Amino acid sequence: MTDQDDQTHDTAVPAEGALAPTRSGFVALLGAPNAGKSTLVNQLVGTKVSIVTHKVQTTRALVRGIAIRDRTQIVFVDTPGVFAPKRRLDRAMVRTAWSGARDADIVLAIIDADRGISEDVETILERLQSVTQPKVLLLNKVDRMKRDRLLGLTKEISERGDFAEIFMISALNGSGCDDLMTYLARALPEGPWYYPEDQITDLPLRQLAAEITREKLFLRLHQELPYSSHVETELWEARKDGSVRIEQTIYVERDSQKRIVIGHNGETIKAIGQAARKEIMEAADQTVHLFLFVKVRENWGDDPERYREMGLTFEK
């Protein structure tokens, strides 16, 4: 090889003191209901951007949480859980989940290691084979498992998918999350950041407030209230004293559900409102006056307007 050839193949090195190029990209979390996607997004972002409850399919639309590691902006996309859909709303959420995966730079397949390979996980592993983006396997809740069982599960799943990396994590306590962040910061492509440095989510504040109230609703009435309930922020009014008046409507499908939400002498809805108000105040960083109303809207799950409000596509 000639000296000229040597010069042609030299790798450019940044000048001393020069900043490394910025990186950015979208990272979608895909998994079965209650695999820990929302908990993990909140853990990685460092604050709450996605609600978490015991109910399956709490996340109904794409929620983006934004984190920065070194000079990389990582936009996490929390997707609805993937399962066998039965209702129109279920089908819309599952379509949204796979759409989020197809549009991402990297897909994180998160599996509840303690539950193992369920029927929903089987479906996910099969469909992931058609996803062309780099795929990373996350085995969550590994702190609950014995090492031998965990290693066997890891081997079985890794043989059924083309995963670029495998991480064993606990979304709840953060174990393994630092290594995951380091990997993502290096794996995403070079490019400018999509959002301002201090932004942690692209969810409008009035929509985040509705999600917070829905979380408190489900946490309070986990066993009593069916999945078919919805919260909308109808009014967000700034007041002269710097506070804000928020009016929200909780939609249910039957009068019996309305009575459950209101509770004896209004005690239940009062408790829900107090818990939601406290968290909305923290998110909005201002005094909040929250007013909750409950309305019956039969078959709201078949109403196109509700789908638009949730950011889902209504399929006839």
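This note walks through several features of a predicted model, beginning with its strands and ending with two loop residues.

1. Strand β4, which covers residues 106–112, is a good place to start reading the model. Seven of the seven residues of β4 are buried, so the strand is largely enclosed by the rest of the structure. In a regular strand the side chains alternate between the two faces of the sheet. In β4, Ile106, Leu108, Ile110 and Asp112 point one way, while Val107, Ala109 and Ile111 point the other way, and all of these residues are buried.

2. The neighbours of β4 can be named on the basis of bridges. Strand β1, residues 23–30, pairs with β4 in the parallel sense over four bridges, and within this pairing the partner that Val27 finds in β4 is Ile106. Strand β5, residues 135–140, also pairs with β4 in the parallel sense, here over six bridges, and the residue of β5 that is bridged to Asp112 is Asn140. The connection between these two strands involves helix α4, residues 119–128, and together β4, α4 and β5 make a right-handed β-α-β unit.

3. Strand β5 can be examined in the same manner. Six of the six residues of β5 are buried, so this strand is largely enclosed by the rest of the structure. Both of its faces are covered, with Lys135, Leu137 and Leu139 buried on one side and Val136, Leu138 and Asn140 buried on the other. A reader may wish to note that the buried set includes Lys135 and Asn140.

4. From β5 the description continues to strand β6, residues 165–168, with which β5 pairs in the parallel sense over four bridges. In this pairing the bridge partner of Leu139 in β6 is Met168. The chain passes from β5 to β6 by way of helix α5, residues 147–158, and this β-α-β crossover is right-handed.

5. Asp78 deserves a separate paragraph. Asp78 belongs to strand β3, residues 72–78, and is buried, with a relative accessible area of 0%. Its side chain makes a polar contact with the side chain of Ser38, at 2.5 Å. Asp78 and Gly31 are 47 residues apart in sequence, and their C-alpha atoms are 9.7 Å apart in space.

6. As to internal space, the structure holds one cavity of 30 Å³ or more, and the largest cavity contains about 30 Å³ of space. Its lining is formed by Leu125, Leu128, Gln129, Lys135, Arg160, Gly161, Asp162 and Phe163, a set that divides into three nonpolar, two polar and three charged residues. Lys135, one of these lining residues, is also among the buried residues of β5.

7. Two loop residues are worth checking for their backbone angles. Most residues other than glycine have a negative phi. Lys141, however, has a phi near 65°, a positive value in a residue other than glycine; Lys141 is found in the loop between β5 and α5 and is buried, with a relative accessible area of 16%, which falls under the 20% cut-off for that term. Asp285 likewise has a positive phi, near 55°, and is placed in the loop between α9, residues 267–284, and β9, residues 288–296. Asp285 is exposed, with a relative accessible area of 69%, whereas Lys141 is buried.

Conventions
Residues numbered from 1 in each chain as written. Predicted model: local features only at pLDDT ≥ 70, side-chain atom pairs only at ≥ 80, totals over all residues. Heavy atoms only, no water. Buried < 20%, exposed > 50% of the residue type's maximum accessible area, 1.4 Å probe, protein only. Pairing = 2+ DSSP bridges. Right-handed = clockwise from strand over helix to strand, strands pointing away. 1 Å grid on protein atoms, 1.4 Å probe; cavity = no way out; pocket = protein on both sides within 12 Å on 5 of 7 lines; lining within 4 Å. Points joined across faces, edges and corners; volume = space filled by probe spheres on them. Nonpolar A, V, L, I, M, F, W, Y, C, P; charged D, E, K, R; others polar. Polar contact = N/O pair within 3.5 Å; in protein donor to acceptor, adjacent residues only side chain to side chain.
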